[in-house]
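Me: Let's talk through a structure together, one question at a time. Here it is.

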Amino acid sequence: MRRLYLFFFAFGLILSACGDDEGVTPDDDGMPGDLSDIPYDPVAYNLVVPEGYPQMEIPSDNPLTVDGVELGRHLFYDPILSADSTMSCASCHAPSGSFTDQLAVSVGIDGIAGRRSSMSLLNIGYVYEGLFWDGRSSTLEEQALLPVEDPIEMHNQWPNVVDKFKEHENYPTMFRKAFGIESRSEITKELAAKAIAQFERTLVSSGQSKYEQVRNVPGIFFTPEEQEGFELFIFEENEHPGCTHCHKTFNQMFTDHRFLNNGIEDLGGCDVEHLNNFPDIGLGEVTGNIFDYGKFRVPTLLNIAHTGPYMHDGRFETLEEVLDHYSSGGFCAPNLDPNIQPFPMSIEERDAIITFLHTLTDTVFMNNPAHQNPFE
Amino acid sequence: MRKILIILISLPIFIASSCDKDPEMEVVGDVEIIFRANYDGELFLTQKDYEYIPDMSIKFSTFDLYVSNISLLKEESSTDESELVEIDFVDLSFDINQQSRAEEGDTVFTKKVPAGSYKGFKIGFGVPADLNRTSPNDYGSGDVLATSSHYWAPLDSYIFSKIEGFVDKDNDGIYETSEGEGFTFHLGRDEVYTERIIFPSDPIVVEDGQKLEIYIDIDVKKLFNMPIDQFDTNDDNLLDIEVYDGAHGNQEEELIIAKQLMRNYSEATLLEQ
């Protein structure tokens with residue numbers, strides 16, 4: 001039948017528990033079995049999601065465990081991942097910015113600015129349609145391997161990083177507890193990526209934003225201005241904002257995770273050949289199809305008041321600029337999404353929409369102690 | 001097409017449960033259903049100009065729909081149905097660089113049916129009411145009903161079909177949303193679900209162990225047929241798309257248009273074997 005509720009936890013735990021007894025080869029980095037005295041008792045991590053959120057799909061070969069998530073959190077905040085030990089994942093994905101760096105485009109260890117804006121990792125475990133602005137990475141496990149060797153991010157080499165883990169005073173024990181390895185020689189970049197992915201999957205909304213409370217708690221209402229903004233936001237008839245065509249309220253995540261051209265780029269013309277004028281071709285880089293040039297993933301609007309500057313290249317400083325763009329109907333292009341329609345908008349209406357967007361702020365999530373830097 | 005990710009993930013369970021099912025000695029055949037689109041007889045492609053009415057061209061960017069309850073009927077009046085498809089999503093938004101894929105069409109996932117001769121072919125356009133009571137949260141990613149882009153939370157309904165693009169209202173050769181030239185028909189809600197039974201001139205014969213191919217051709221232009229005068233002021237039996245350039249499920253007028261467009265799937269559809 002079609003109702004497939006999938007619960008992977010137990011199943012995955014069993015699988016990973018049986019995969020551990022491969023032979024250990026002696027290695028300079030440690031004696032075979034040098035970790036085997038440390039107990040390995042994986043405990044399933046209880047992922048709590050707010051009302052109305054779906055069950056998160058977790059790969060069966062990487063179930064969330066308490067020790068796995070804890071190791072992932074350490075790795076996420078540890079600058080030893082970068083070549084000069086100055087930068088961790090959190091340098092560009094900080095909890096106070098809903099796991100963005102609040103810069104227009106991110107800057108790596110060598111001071112070189114990248115071409116894109118950091119993305120919020122809130123509810124990242126629910127993105128199954130392709131990670132990054134252009135969808136080029138399909139799983140969190142695969143994605144977590146990339147920043148370390150990216151020359152304009154952490155500019156390191158994994159073998160160096162893995163060596164540092166093996167020599168580290170705590171990590172071998174933590175890898176043992178998370179994955180049941182027998183000796184430090186079994187530490188790999190793949191296990192590190194798995195742990196980071198586990199931590200990332202715990203970055204779920206708290207369900208405590210004003211918007212969620214209005215939905216779920218009797219007696220809590222929008223102010224009249226928030227209410228007006230909400231109604232404008234969801235008004236889909238043509239010549240109205242119609243934000244929910246793409247920033248879907250379903251799942252309360254305010255995105256449908258599709259890749260679209262929302263008309264921010266002036267291509268100097270409206271014909272197919274003008275599509276070559278996108279400075280960053282986005283999804284087109286992944287598919288090679290010219291009609292995918294300039295398409296980027298619809299981002300979540302949760303915590304949007306804290307994740308500016310906006311768009312994949314951080315071109316808009318403020319939400320006012322974002323709304324002025326949408327109201328103009330955007331720049332023409334053969335692949336412009338037809339749901340981008342010009343609409344009249346007074347300053348009051350613009351303010352109302354922005355006031356509504358502020359109700360999507362999830363302070364409890366950003367301040368959640370479980371998500372913070374374990375080294376502080 | 002329907003991704004089988006979930007099936008892969010749950011493979012061990014699947015294998016386990018398949019152990020205790022003895023294959024029945026039933027005589028069955030495969031039916032493959034292939035959806036293709038045309039615009040007034042010409043291969044349908046997105047990003048391509050077609051004539052909507054004289055002096056007004058149209059260009060599509062999206063054309064997709066849910067099909068459901070597809071079954072073969074033994075007799076014209078019988079309730080003896082063999083189900084081929086409960087629900088599937090057909091995406092025919094192939095662009096001008098994907099011509100060969102458009103010619104191949106989009107094949108839906110079908111079940112085996114008993115071999116024999118069938119007189120009728122039943123097909124539903126949209127998500128039937130029972131499934132429309134569910135929501136994307138009820139499905140694993142990759143399932144056709146898991147896509148939130150085709151769900152309206154405020155209306156508790158799937159969007160059954162999306163037809164989007166541009167019309168060159170001012171006939172200047174440029175399609176511009178900033179001049180209101182975009183159109184977006186999002187058709188959904190129980191009221192607009194449409195079912196049709198086709199009785200082809202030759203019966204549909206499913207042979208033991210053989211694969212039968214059935215083509216369903218949809219003429220996208222016919223979807224805009226408009227018998228209601230209010231929405232067709234120039235009497236060409238086509239929707240005045242330059243005025244009524246969208247439907248989103250919640251306005252009275254738009255719902256009437258949506259109903260008509262969905263109903264048009266019946267006459268826009270041709271079955272070929």
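Reply: First, a term: a polar contact is a pair of N or O atoms within 3.5 Å; within protein, one must be able to donate a hydrogen and the other to accept it, and residues adjacent in sequence count only if both atoms are side-chain atoms. Also, this is a predicted model, where local features need pLDDT of at least 70, side-chain atom pairs count only at pLDDT 80 or more, and totals for chains, interfaces and linings use all residues. Side-chain values use heavy atoms, leaving out hydrogens and water, residues are numbered from 1 along each chain as its sequence is written, and chains are lettered from A in the order in which they are written.

Me: How many residue pairs are in polar contact between chain A and chain B?
Reply: Salt bridges (a side-chain nitrogen of Lys or Arg within 4 Å of a carboxyl oxygen of Asp or Glu) number zero across this interface. With both residues at pLDDT 80 or more, the polar-contact count between chain A and chain B is eight.

Me: Where in chain B does the partner of B:Phe60 in an edge-to-face aromatic pair sit?
Reply: Rings of Phe, Tyr and Trp (its six-membered ring) pair if their centres lie within 6.5 Å, with planes under 30 degrees apart stacked, over 60 edge-to-face and the rest tilted. B:Phe60 pairs with B:Phe183 at 5.7 Å centre to centre and 85° between the planes, so edge-to-face. B:Phe60 is in strand β4 (strands are DSSP E runs of at least two residues, numbered from the N terminus). B:Phe183, 123 residues apart from B:Phe60, lies in strand β12 (residues 182–188).

Me: Is B:Phe183 buried or exposed?
Reply: Buried means under 20% relative accessible area, exposed over 50%, partly exposed in between (1.4 Å probe, protein chains only). B:Phe183 has 0% relative accessibility, so B:Phe183 counts as buried.

Definitions and conventions. Helix = DSSP H or I, 4+ residues; strand = E, 2+ residues; numbered from the N terminus.
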